[in-house]
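This report describes selected features of the structure shown below. Please keep the sequence and the model at hand while reading.

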Amino acid sequence: MSEGEVVASTPGLPLTRRRAVEELRALGITPGTTMLVHTSLRSLGWVVGGAETVVLALEEAVGPTGTVVMPAFSLSAPEPSRWVAPPVPEAWWATIRRDWPPFDVDLTPTRGIGVVPETFRRQRGTLRSVHPTTSFCARGPLAVELLREHSLDFGLGEGSPLARLYDRGAHVLLLGVDHSTNSSLHLAEYRADWVGRDRRQEFAGRIVRGDREESVRFEDIEGTSDDFAELGREFESSTGAVTVGRVGAATARRMEQRPLVDYGVRWLAEHRPRAA
Ligand SMILES: CC(C)(COP(=O)(O)OP(=O)(O)OC[C@H]1O[C@@H](n2cnc3c(N)ncnc32)[C@H](O)[C@@H]1OP(=O)(O)O)[C@@H](O)C(=O)NCCC(=O)NCCS
């Protein structure tokens, strides 16, 4: 949807920072909250100030004692043989593997997760974990603790910021998106007994550390978010643990991450095939 279409479909007045903070508070986001946020800017209707305003409203809602976290996923360990959207000719694969730039925590842009996390990543003082594909950004008192250790292997598992958010009793906010992008459910994939947890994918890339580049190899499970939307819907209807409200024109959902992940572990074990 173009920006013009967003303007045309916005009911009433556009969303301001002040109204966004009020609506976030009405969702139960209080000062001091630690919160992982997934967003679609256009779903909010036209916002005065766009992504910057959304970032500032989220930070204001949790206040100086709260911590905002967003995914900062990137493609710095490319495996073009696995690309589907779009696929690239096989004749290009070797060139892509050789010439792709290394992951640089300051330079590497986010990819496919929206303009709000990309804007947040570039805000002065925002920290980013070091991972070529599944880094996270955070700012606030818990940012260092949440991002300090990010295991290259199993990048959304026990050695990731997702698990540190779990330890800290964080909240998840879905702003105009459904559970299909609810990354915390990946943590449940590592904890549940299902067949993909025992399968491995290999990755190779490079990382800038100081003034040097380091080649890295790492592995991950064969995760998938294909059933996360259904899982999330059932979590909502069977637990009542999701607060649903509006921010601008968007449906917003706030939940505690721990019960979500714990429910996800049980649900995945029941709904996905198990290892033979
Ligand atoms: C993919 C995704 C980001 C697309 O959402 P989106 O709203 O279309 O994209 P963005 O958030 O980047 O916002 C950009 C759009 O905002 C709109 N826009 C521009 N200015 C705007 C304004 N001031 N106010 C509101 N919308 C505006 C434009 O239509 C723009 O689209 P365009 O770049 O095609 O012109 C979203 O669907 C999603 O999945 N978000 C969650 C991602 C995530 O956290 N994933 C975790 C991985 S498991």
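## Two helices that cross

In this predicted model, helices α8 and α10 lie oblique to each other. The reason is the angle between their axes: those of α8 (residues 184-191) and α10 (residues 257-271) cross at roughly 45°, and an angle of that value is classed as oblique because it falls outside the ranges for roughly parallel, roughly antiparallel and roughly perpendicular. The two axes come within 8 Å, and the crossing of α8 and α10 is right-handed.

On the α8 side, the contact is made by Ser184, Leu185, Leu187, Ala188, Glu189 and Arg191. Their counterparts in α10 are Gln257, Leu260, Val261, Gly264, Val265 and Leu268. By class, the residues of this contact comprise seven nonpolar, three polar and two charged.

## The open sheet

Seven strands form an open sheet with mixed pairing, in the order β3-β4-β2-β1-β5-β9-β8. Strands β3 (127-128) and β8 (242-247) occupy the edges; each has a single partner strand, so one side of each is left without a neighbour in the sheet.

At one of these edges, β3 pairs with β4 (residues 136-139) in the antiparallel sense over two bridges. Within this pair, leucine 127 is positioned opposite alanine 138 of β4.

## Surroundings of the ligand

Which residues come nearest to the ligand? Among the 23 residues around the ligand, they are His38, Ser40, Leu41, Gly50 and Gly114.

The shell contains 11 nonpolar, 10 polar and two charged residues. Helix α1 (3-9), strand β1 (34-39) and helix α5 (115-122) each contribute at least two residues to this shell.

How values were computed:
Residues are numbered from 1 along each chain as its sequence is written. This is a predicted model: local features need pLDDT of at least 70, side-chain atom pairs count only at pLDDT 80 or more; totals for chains, interfaces and linings use all residues. Two strands pair if DSSP finds at least two bridges between them. Helices (H or I, at least four residues) and strands (E, at least two) are DSSP runs, numbered from the N terminus. A residue is near a molecule or strand if its C-beta atom, placed from the backbone, lies within 6 Å of it. Ala, Val, Leu, Ile, Met, Phe, Trp, Tyr, Cys and Pro count as nonpolar, Asp, Glu, Lys and Arg as charged, and the others, Gly among them, as polar. Axes are lines fitted to C-alpha atoms, for helices over the stretch in contact, and angles run from 0 to 180 degrees between N-to-C directions. Angles under 35 degrees count as roughly parallel, over 145 as roughly antiparallel, 65 to 115 as roughly perpendicular and the rest as oblique. A crossing is left-handed if the near helix is turned anticlockwise from the far one by less than a right angle, and right-handed if clockwise. Two residues are in contact if their C-beta atoms, placed from the backbone, lie within 7 Å.
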